[in-house]
Each structure stands twice: as structure tokens, then as C-alpha cells.
Amino acid sequence: MFLVDYDCLTMSAQFRDEKVPDKNCENYLIELNNGLYKVEIIQNYDVDQGKHIGSDKVNMLINFLEVRELGANPDKLFWCSYM
């Protein structure tokens, strides 16, 4: 799996010679086994305030937990909270 940014997606949608991942995102490869995953994303950088929350060594953590089945979707998505 590659993490890509919005620029990579929009450029590849507009121009045939643009690929996903592009040169900016080709280093963001995450190797995973085929399967289902529960994903937790923890962002340590508050972009709006321009400051780190907790750790200043890592901007974001992405945890993958392989699961047998996904289960029901939650009624609400938890988007953002800074402690």
C-alpha cells in the first residue's frame, strides 16, 4: 500500500503521464499481507496551530491490526481531538 497525497491523486486523474504513486510518494510504501485491517491513525501535529501534541519526533502514527472480519461500522466517525 502506498500513502499518497491529494496532489498525486489529482495530477494522475488529469494527466495520462502522471502515475500513482508519483516521485514524491513512491517512498511511502507500507507492506501488508492481503487481508482486512482495522486502522488507527494518531496525528501528533496540529496543523491549524502549527504545534506538536505529545511527541515532536513523529508527526503521525498509523497502526494496522489484521482482523478476520470488519464488523459493523460505527454510527459516528471520530475525526479530530487534541488532548
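Here is a short walk through a few features of this structure, which is a predicted model.

Let's start in the loop between α1 (6-14) and β1, where you'll find proline 21. Look at the link to its neighbour: valine 20 and proline 21 are joined by a cis peptide bond, with omega at about 0°.

Follow the chain on into strand β1, which covers residues 36-43, and stop at tyrosine 37. This residue pairs up with phenylalanine 64, their rings sitting edge-to-face, 6.2 Å centre to centre and with 90° between the planes. The count of aromatic pairs comes to one. The two partners come from distant parts of the chain, since tyrosine 37 belongs to strand β1 and phenylalanine 64 to strand β4 (residues 60-67), 27 residues apart.

How do the two rings' residues fare for accessibility? Tyrosine 37 counts as buried because its relative accessible area is 18%, and buried means under 20%. Phenylalanine 64 has 26% relative accessibility, so it counts as partly exposed.

Tyr37 has another part to play, as it also helps line the second largest pocket. That pocket has a volume of about 160 Å³. Its lining takes in Tyr37, Lys38 and Val39, then Val67, and then Leu70, Gly71, Ala72, Asn73 and Pro74. Which element gives the most to this lining? That would be strand β1, with three residues. As for character, the lining residues split into six nonpolar, two polar and one charged.

Definitions and conventions:
Residues numbered from 1 in each chain as written. Predicted model: local features only at pLDDT ≥ 70, side-chain atom pairs only at ≥ 80, totals over all residues. Heavy atoms only, no water. 1 Å grid on protein atoms, 1.4 Å probe; cavity = no way out; pocket = protein on both sides within 12 Å on 5 of 7 lines; lining within 4 Å. Points joined across faces, edges and corners; volume = space filled by probe spheres on them. Helix = DSSP H or I, 4+ residues; strand = E, 2+ residues; numbered from the N terminus. Nonpolar A, V, L, I, M, F, W, Y, C, P; charged D, E, K, R; others polar. Phe/Tyr/Trp six-rings, centres within 6.5 Å; stacked < 30°, edge-to-face > 60°. Buried < 20%, exposed > 50% of the residue type's maximum accessible area, 1.4 Å probe, protein only.
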